[in-house]
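Please read the points below alongside the model, taking them as a colleague's notes on its overall build, its enclosed and open spaces, and a few single residues.

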Amino acid sequence: MTVSAIKTRVSELLGTRYPIIQGGMMWVGTAEMAAPVSNAGGLGVLTALTQPTPEALAAEIIRCREMTDKPFGVNLTLLPSINPPPYEAYLDVVIDSGVKVLETAGNNPREFIAKAKAAGVKVVHKCVAVRHALSAERNGVDAVSIDGFECAGHPGEEDIGGLILIPLAARKLQIPVIASGGIGDGRGLAAALALGAEGINMGTRFCATREAPIHDHIKRALLDASERDTRLIFRSLKNTARVLRNAISEEVVATERRPGGCEFEDIRPLVAGARGKVALDSGEVDGGVITAGQVVGLIDDIPSCAELIERMVEECRERLAVAQAAFN
């Protein structure tokens, strides 16, 4: 069964049937993840920095095109670093490959946005504060994805949930707003639309699908987790990240709470990205840091991407009809 399309400024911007985005996720945003989401009517997103080089990203884009004829995007997260990756070379690959949607996060360099837009690429910027969203709008992005405190990854340091951030952003921005964080079913999609967003971005929920390129033991851990089974790490370092509760994240939190605090070097061996990738690949749940949002509490099955999206859209339609009926 294919349910009716959802037409918003976001779906029109992306060229998709539904305004549902699979957010860029390190180690997960490969063609195996992005293509099924796009085929199901959403926007699949490749994660540029999951690929070790710009040339590898170009090859991954080709692979994704072999798996879908629908639109998909590329995430490029720009973070301060002593030895930064060749960000502009990755951007050039996106442009030269003809990808039409770029999801950016982290820093918001005006020159990168201008270069992408000059090449006809639509830019969606992820941020965790309304003031950052306004800055991105001034810099020319086409839409903003606003991350509430519930989200996986980096929710910022102000601890503001989506029920506040989404309507605030929708009120203050002229460009479309995409709700991100804490959404995993049709009720969340309906709520986002009611709050003024014109689309949603999901990461953790797409990890618990049959196509997600991670070990089944990790998917099962997401399925078994409750809304209380995430941890905030790096709080003491002012670089908060929300991850799944496991032996590693508990040890990180305990280290940060030691009298006298901790330095990053104290926890570096625990939080190494390569260690997290091994955990995702091997299924060793306690093997490394596993990024996950509070939405794990809403996950009760592992469907295909198509089953998940169609179910969400139908449930969204039903919940909005129930709400409307209250006024009849």
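1. For the linings discussed here, Ala, Val, Leu, Ile, Met, Phe, Trp, Tyr, Cys and Pro count as nonpolar, Asp, Glu, Lys and Arg as charged, and the others, Gly among them, as polar. With that division, the lining of the largest cavity holds three nonpolar, no polar and two charged residues, and the residues concerned are Val128, Pro155, Glu158, Asp159 and Ile160.

2. On the basis of the work: this is a predicted model, in which local features need pLDDT of at least 70 and side-chain atom pairs count only at pLDDT 80 or more, while totals for chains, interfaces and linings use all residues. Residues are numbered from 1 along each chain as its sequence is written, and side-chain values use heavy atoms, with hydrogens and water left out.

3. The volume of the largest cavity is about 30 Å³, and the structure holds one cavity of 30 Å³ or more. On a 1 Å grid over the protein atoms alone, a cavity is a set of points where a 1.4 Å probe fits but cannot get out, whereas a pocket is an open set with protein on both sides within 12 Å along at least five of seven lines; lining residues have an atom within 4 Å of a point. Grid points are joined across faces, edges and corners, and a volume is the space filled by probe spheres set on the points.

4. The second largest pocket encloses about 170 Å³ of space. Two elements, helix H7 (162-172) and helix H8 (186-194), each give two or more residues to its lining, where helices (H or I, at least four residues) and strands (E, at least two) are DSSP runs numbered from the N terminus. The lining of this pocket divides into seven nonpolar, four polar and one charged residue, and includes Glu150, Gly162, Leu163, Ile166, Gly188 and Ala191.

5. As for the overall build, the protein has 14 helices and 10 strands, and its C-alpha trace spans about 60 × 45 × 40 Å along the principal axes. The radius of gyration, taken over C-alpha atoms and compared with a globule rule of 2.2 Å times the number of residues to the power 0.38, is 19 Å, which agrees with the value near 20 Å for a compact globule of 328 residues.

6. Of the 328 residues, 52% are buried, meaning under 20% relative accessible area, with exposed meaning over 50% and partly exposed in between (1.4 Å probe, protein chains only). Where contact means heavy atoms within 4.5 Å, residues 24 or more positions apart account for 62% of the contacts with a separation of 6 or more.

7. Alanine 133 is placed in helix H6 (residues 130-138) and counts as buried because its relative accessibility is 0%. Leaving aside neighbours within four places in sequence, alanine 133 is in contact with Cys127, Val144, Ile146 and Leu173. Its C-alpha atom is separated by 9.9 Å from that of asparagine 108, which is 25 residues apart from it along the chain.

8. Two residues in the loop between strand E9 (230-233) and strand E10 (241-244) deserve a look at their backbone, and phenylalanine 234 is in that loop, as is lysine 238. Phenylalanine 234 has a positive phi, near 65°, although not a glycine, and lysine 238 likewise has a positive phi, near 60°. Phenylalanine 234 is buried, with a relative accessible area of 12%, whereas lysine 238 is exposed, at 64%.
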